[in-house]
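Q: Please take a close look at the internal space of this structure. Which residues line it, and what surrounds it?

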Amino acid sequence: MLTRKFLTGLLFSTLFPASAALAAESTLVYCSVASPESFNPQLASSGPTFVASSQTLYNRLVTFDPKDNSPVPSLATSWTISPDGKTYTFTLRKGVKFNSNKYFTPTRDFNADDVIFSVMRQKDANNPYHNVSHGSYEYFNDLELSSLIKEVNKLDDYHVQFVLTKPDAAFLADWGMDFASILSAQYADAMLKKGTPEYVDTWPIGTGPYALQQYKVDSLIRYIANPNYWDGAVPTKHLIFSITPDVQTRLAKLEKNECQIIPAPSPVQFDAIKKDKDLTLHSIDGLSVGYLAFNTEKKPFDNVLVRQALNYAVDKKAIVDAVFMGSGTVAKSPIPPTMMGYKKDLPDYDYNPEKARALLKQAGFANGFETNLWSMPVQRPYNPNSRRIAEMIQSDWAKVGVKAKIVTWEWGEYLSGLRKGEHATALYGWMSDNGDPDNFADTLLSCGSIKSGSNAAHWCNKDYDALVTKAKETSDPAARAKLYQQAQTIFYQQAPWLTLANGKTFYATRSNVTGYSVSLMGSDFSKAKLN
């Protein structure tokens with residue numbers, strides 16, 4: 001992954017001459033919440049990174065139907081699955097053009113070689129690009145794709161075959177996720193020969209609606225429309241990301257027309273947005289969960305009684321009422337309520353400080369203890385005000401004798417610290433990448449995801465792991481659902497998280513913005529324009 005030290009010293013030059021006054025109708029400004037970790041989504045794990053890279057610069061083999069989140073064609077026009085569920089054959093779209101930059105202009109269309117390179121860079125430790133940019137390939141590893149994918153074969157330029165070691169019911173949906181973005185193999189070969197392989201990640205070339213022009217760390221990202229985009233003409237020539245971490249500043253910029261789209265407005269801003277005739281508030285029902293993870297590899301959180309006690313100590317309803325203000329509901333499971341496999345009758349920890357104190361005494365902490373509580377520096381649909389939530393948890397824990405010091409970090413450092421397990425407790429959350437319960441139950445809580453970093457609780461339970469692994473290998477939806485429900489019972493008993501809320505996704509635009517859309521899987525700028 002690109003380090004912050006490296007990025008701080010990096011300024012991308014302008015690919016095309018910068019105009020001092022871009023025509024207003026040809027420029028769209030999006031106020032993003034944070035700087036990207038990288039411009040290669042294979043190396044990243046955060047939402048702001050994916051919006052700035054995979055959802056702007058790249059495409060994947062499949063995308064998702066906004067109505068039911070099922071996989072539909074993108075760079076692959078069709079696919080077949082063998083009866084035993086182990087062989088997937090994709091037919092690729094013809095005539096797809098890559099973008100170019102000042103270092104390279106592709107001389108061929110997208111084909112099977114690009115798919116194989118994009119997979120093997122992540123899978124094969126001997127691939128010359130595997131260690132470029134110090135990549136950790138978190139998603140690829142979380143999904144255990146290195147062991148799952150036995151072979152990737154080029155049948156011809158427009159047919160690619162994946163042979164798996166075992167059936168995987170989520171495999172097709174995985175190829176619509178951000179990490180599965182298709183990179184240019186021809187560009188990679190050229191940069192390797194030139195001795196600058198890192199340009200593939202810092203000067204990206206993809207098949208998406210936009211190409212990167214310029215990046216100023218913590219300031220702006222400038223894009224220009226792909227003139228040959230395979231999915232139709234891109235109506236807005238210039239797209240600018242104005243990096244604006246503060247939620248109040250984002251709204252102020254929207255009101256002043258300094259940006260035309262903002263993600264994740266705070267619930268306390270909803271009324272003001274609704275009352276402004278020049279603004280429009282949008283929302284979609286999200287597949288998300290916000291939670292506080294206990295680092296179960298650190299004392300005293302290796303003790304299940306302590307984890308249960310701190311669940312009982314927190315008034316979750318009060319938090320959701322005060323912070324989400326109608327934009328979320330209390331969560332009790334790692335799987336969202338509208339997703340297959342959700343256990344409706346799963347019990348939850350009620351607010352019971354007396355029971356919390358009794359459990360702490362039983363665990364040997366009658367006088368409580370001191371700890372730290374990491375608070376996210378960004379607003380997300382599953383956590384619109386991390387500092388406020390942290391303060392409310394801090395207050396509730398103090399009532400049972402647990403003193404928590406709230407700390408925070410820059411977003412990239414926060415994510416890095418979670419992966420390394422530097423926290424004792426940390427606020428975090430997840431939004432669906434592919435609409436499949438495996439994306440929550442396995443990705444966030446499996447034993448294998450500790451090493452890759454997405455298991456912020458660093459929790460490994462063999463019985464839980466066996467259930468979610470079996471669910472992934474089961475093709476029958478009803479049978480899969482039962483396995484996930486059994487796994488949720490273990491989750492409740494072991495309490496590796498304090499589950500908080502399932503949130504809706506909100507965003508706001510100037511009222512003259514059309515064509516921009518947000519789905520459960522991300523942002524789509526390809527049809528956005530100002531009227």
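A: In this predicted model, the largest cavity has a lining of 35 residues, and those nearest its centre are Gly47, Pro48, Val51, Arg380 and Met431. The space enclosed there amounts to about 510 Å³. Several elements each give two or more residues to this lining: strands E1 (27-32), E17 (425-431), E19 (505-510), E21 (517-519) and E22 (522-524), together with helix H2 (47-52). By class, the lining of the largest cavity comprises 21 nonpolar, 11 polar and three charged residues. In general terms, empty space of this kind is revealed by rolling a probe the size of a water molecule over the atoms.

The largest cavity belongs to a set of six, each of 30 Å³ or more, found in a search of the whole structure. The second largest cavity has a volume of about 80 Å³. Its lining is made up of Ala264, Pro265, Pro267, Phe270, Ser327, Gln379, Arg380, Pro381, Pro384, Lys504 and Phe506. Seven of these residues are nonpolar, two are polar and two are charged. Arg380 is thus named twice: among the residues nearest the centre of the largest cavity, and in the lining of the second largest cavity.

The open counterpart of these enclosed spaces is the largest pocket, which holds about 570 Å³. Its lining consists of 30 residues, with Arg60, Thr63, Phe64, Ser523 and Asp524 nearest its centre. At least two lining residues come from each of helix H3 (54-57), strand E2 (62-64), strand E3 (71-73), E21 and E22. Strands E21 and E22 also appear among the elements that give two or more residues to the lining of the largest cavity. The lining of the pocket divides into 12 nonpolar, 12 polar and six charged residues.

Helix H3, one of the contributors to the pocket lining, contains threonine 56. This residue has a relative accessibility of 0% and therefore counts as buried, the limit being under 20%. Beyond its neighbours up to four places away in sequence, threonine 56 touches Val51, Gly208, Pro209, Tyr210, Tyr223, Leu239, Phe241 and Phe525. One of these contacts, Val51, is also one of the residues nearest the centre of the largest cavity.

Two cysteines may be considered alongside threonine 56. Cysteine 31 is buried, at 0% relative accessibility, and cysteine 259 is likewise buried, with a relative accessible area of 0%. The count of disulfides comes to one, and the pair concerned is cysteine 447 and cysteine 460, whose sulfur atoms lie 2.0 Å apart. The torsion about their S-S bond is about 90°, which makes the disulfide right-handed. Cysteine 447 sits in the loop between helix H17 (438-441) and helix H18 (448-452), while cysteine 460 sits in the loop between H18 and helix H19 (462-472); the bond therefore ties together parts that are 13 residues apart in sequence. Cysteine 447 is buried, at 16% relative accessible area, whereas cysteine 460 is partly exposed, at 38%.

Helix H19 has a buried side of its own, formed by Tyr464, Asp465, Leu467, Val468, Ala471 and Lys472. Viewed down the helix axis, these residues fall within an arc of 165°, so they line one face of H19. The cover over them includes H17 and helix H20 (477-494). On the face turned away from the buried side, H19 carries the exposed residues Lys462, Asp463 and Lys470. Such a division is consistent with helical geometry, since an α-helix has 3.6 residues a turn and residues three or four places apart point the same way.

Helix H13 (residues 316-324) offers a second case, with Lys316, Ile319, Val320, Val323 and Phe324 as its buried residues. They cover an arc of only 95° around the axis and therefore lie on the same side of H13. Strand E14 (328-330), helix H15 (386-398) and strand E18 (497-503) are the elements against which these buried residues pack. Methionine 325 follows H13 and has a positive phi, near 50°.

A last position to note is glycine 364, in the loop between helix H14 (353-362) and strand E15 (369-374). With a relative accessibility of 59%, glycine 364 counts as exposed. Its C-alpha lies 9.2 Å from that of valine 306, although the two residues are 58 apart in sequence.

Terms used
Residues are numbered from 1 along each chain as its sequence is written. This is a predicted model: local features need pLDDT of at least 70, side-chain atom pairs count only at pLDDT 80 or more; totals for chains, interfaces and linings use all residues. Side-chain values use heavy atoms; hydrogens and water are left out. On a 1 Å grid over the protein atoms alone, a cavity is a set of points where a 1.4 Å probe fits but cannot get out, and a pocket is an open set with protein on both sides within 12 Å along at least five of seven lines; lining residues have an atom within 4 Å of a point. Grid points are joined across faces, edges and corners, and a volume is the space filled by probe spheres set on the points. Helices (H or I, at least four residues) and strands (E, at least two) are DSSP runs, numbered from the N terminus. Ala, Val, Leu, Ile, Met, Phe, Trp, Tyr, Cys and Pro count as nonpolar, Asp, Glu, Lys and Arg as charged, and the others, Gly among them, as polar. A disulfide is a pair of cysteine sulfur atoms within 2.5 Å. Buried means under 20% relative accessible area, exposed over 50%, partly exposed in between (1.4 Å probe, protein chains only). The arc is that of the directions from the helix axis to the C-beta atoms. Contact means heavy atoms within 4.5 Å.
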